[in-house]
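Here's a quick tour of one chain, from its core out to a single loop residue. Have the viewer open and follow along.

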Amino acid sequence: MKTLNDFNFKDKKVLVRVDFNVPQDKELNVTDTNRIEAAKPTILKILEDGGAAILITHLGRPKGEKKDELSLKHIAGTISDIIGVVVEVADDVVGEDAKEKAKNLQPGSVLLLENVRFREEEESGDEVFAKQLAELGDFYVNDAFGTAHREHASTAVIAKFFDKDHKCFGKLMQKELEAIDKVLKSGEKPVTAILGGSKVSSKITIIDNILPKVDNLIIGGGMSYTFSKAKGGKIGNSIVEDDKLDLALEILEQAEKHNVKVYLPLDSLAADDFNNGAATQIVEAGEIPDGWEGLDIGPKTMELFADVIKNSKTILWNGPVGVFEFENFAKGTKAIGDAIEEATKNGAFSLVGGGDSVSAVKQFGYQDKVSYVSTGGGAMLESLEGIKLPGVAAMDK
């Protein structure tokens with residue numbers, strides 16, 4: 001697959017699928033511009049070549065209905081400010097207004113089509129609708145990693161209406177795919193995966209896929225208590241999946257077969273209630289008293305995990321190791337971030353992906369201290385599970 005830099009877009013009208021599904025406040029102001037900023041290099045390359053960009057994105061879940069609060073006119077000003085070009089907004093997606101504005105679009109200009117999910121054909125992957133979208137431009141660029149796991153008209157179906165000389169991935173999409181490839185295929189050893197979050201069940205397919213590819217597997221967060229109980233430990237009131245105890249033991253067996261070292265917490269910061277002001281005590285792993293629950297890793301575990309991370313050359317972080325939303329239970333997650341920052345400074349490649357770990361990275365200011373922070377939650381997870389994303393597969397055809 002050719003990249004954006006293999007093409008010159010002079011006098012071309014380029015359809016760009018971006019992911020501008022951004023958070024807004026009650027006044028509909030954009031509260032986090034990361035996704036828009038991430039797509040900026042792709043859009044500027046097209047404009048600087050002398051082409052015009054026609055942006056396609058969704059916002060929220062209108063389910064095929066036109067809803068004013070989800071109209072892209074509310075975010076167009078923010079996009080204009082970030083790109084540095086006034087963005088024109090179409091009143092519809094493939095209707096007369098969109099066709100007219102696309103037809104009259106001049107080089108160096110940007111047109112934003114209305115919310116693509118105002119049309120129910122988008123989520124159903126309708127071919128006729130995808131063809132109507134395709135007819136608005138000469139070239140198709142997919143730069144929406146966050147929606148690449150969806151088999152929607154504007155992400156997976158539209159690509160079939162462009163040959164290989166008239167479609168490619170954008171710069172953001174290329175970065176995302178290269179980052180995942182580094183972890184799963186070409187990463188320098190030792191490779192360490194840090195998995196957190198609350199449930200083993202939500203990570204099982206990731207674990208299955210990465211075990212043959214990693215050297216170390218660090219398990220923290222709520223899911224670690226399922227492993228602790230499976231090994232005969234006492235976990236008090238800690239979160240647990242009782243129906244996954246056998247699965248936890250099976251994962252440990254599989255890891256041994258693949259010569260993967262698994263690191264589980266040595267101690268926990270336990271609380272007598274699920275709130276920031278709860279009473280706390282440090283307890284050994286597997287020795288949490290009744291009425292208490294583990295809400296963070298303890299100091300011994302922080303030291304162990306940090307030591308493994310600092311001696312790694314490739315690092316994947318997916319999921320926090322404690323309830324970092326509570327200040328008193330954020331130390332473990334911060335310790336992981338600090339260790340990854342140090343390893344990265346020393347030449348390791350570090351990838352952070354998945355909603356909660358990305359939130360933690362942003363909250364504690366690690367965005368520029370790791371190698372790459374993924375913009376796509378679900379797409380990132382499916383990639384780690386070994387699934388070929390529909391939005392990626394479509395570009396190879």
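What follows covers the cores, the aromatic pairs, one helix and one loop residue.

## The nonpolar cores

Keep in mind that this is a predicted model. Its largest nonpolar core takes in 68 residues. Inside that core, the residues with the most contacts are Leu113, Leu133, Ile158, Leu217, Phe227 and Leu351.

Take Leu133 as a way in. Skipping residues up to four places away in sequence, Leu133 touches Leu15, Ile56, Val93, Val94, Leu113, Val116, Ser154 and Ile158. Another core lies apart from this one: it has 32 residues, including Val18, Phe20, Ile36 and Leu47.

## Aromatic pairs

There are seven aromatic pairs in the structure. One of them joins Phe7 and Phe139 in an edge-to-face arrangement, with ring centres 4.8 Å apart and 70° between the planes. Phe7 sits in the segment before β1 (13–17) while Phe139 belongs to strand β5 (residues 139–142), so this pair ties together parts that are 132 residues apart in sequence. Both Phe7 and Phe139 are buried.

Tyr140 and Phe162 also pair up, this time stacked, at 6.0 Å centre to centre and 20° between the planes. Tyr140 is in strand β5 and Phe162 in the loop between α6 (153–157) and β6 (167–169), so here the linked parts are 22 residues apart in sequence. Tyr140 and Phe162 are both buried. Back at Phe7, there's a cluster to look at too: Phe7, Phe9 and Phe139 form one aromatic cluster.

## Helix α12

How does the span of helix α12 (residues 331–345) agree with 1.5 Å a residue? With 15 residues, α12 should span 21 Å, and its end C-alpha atoms are indeed 21 Å apart, so the two agree.

Plenty of names turn up on the buried list for α12: Gly332, Thr333, Ala335, Ile336, Gly337, Ala339, Ile340, Glu341, Ala343 and Thr344. Just after the helix, Gly347 adopts a positive phi of about 105°.

## A loop residue: Thr375

Thr375 lies in the loop between β17 (372–373) and α14 (377–384). Is Thr375 buried, partly exposed or exposed? Its relative accessibility is 22%, and buried means under 20%, so Thr375 counts as partly exposed.

Which residues is Thr375 in contact with, leaving aside its neighbours within four places in sequence? They are Arg35, Ala38, Phe145, Leu172 and Glu176. Thr375 and Met173 are 202 residues apart along the chain, yet 9.5 Å separates their C-alpha atoms.

Conventions. Residues numbered from 1 in each chain as written. Predicted model: local features only at pLDDT ≥ 70, side-chain atom pairs only at ≥ 80, totals over all residues. Heavy atoms only, no water. Core = buried A, V, L, I, M, F, W, Y, C linked by side-chain atoms within 4.5 Å. Buried < 20%, exposed > 50% of the residue type's maximum accessible area, 1.4 Å probe, protein only. Contact = heavy atoms within 4.5 Å. Phe/Tyr/Trp six-rings, centres within 6.5 Å; stacked < 30°, edge-to-face > 60°. Helix = DSSP H or I, 4+ residues; strand = E, 2+ residues; numbered from the N terminus. Expected span 1.5 Å × (residues − 1).
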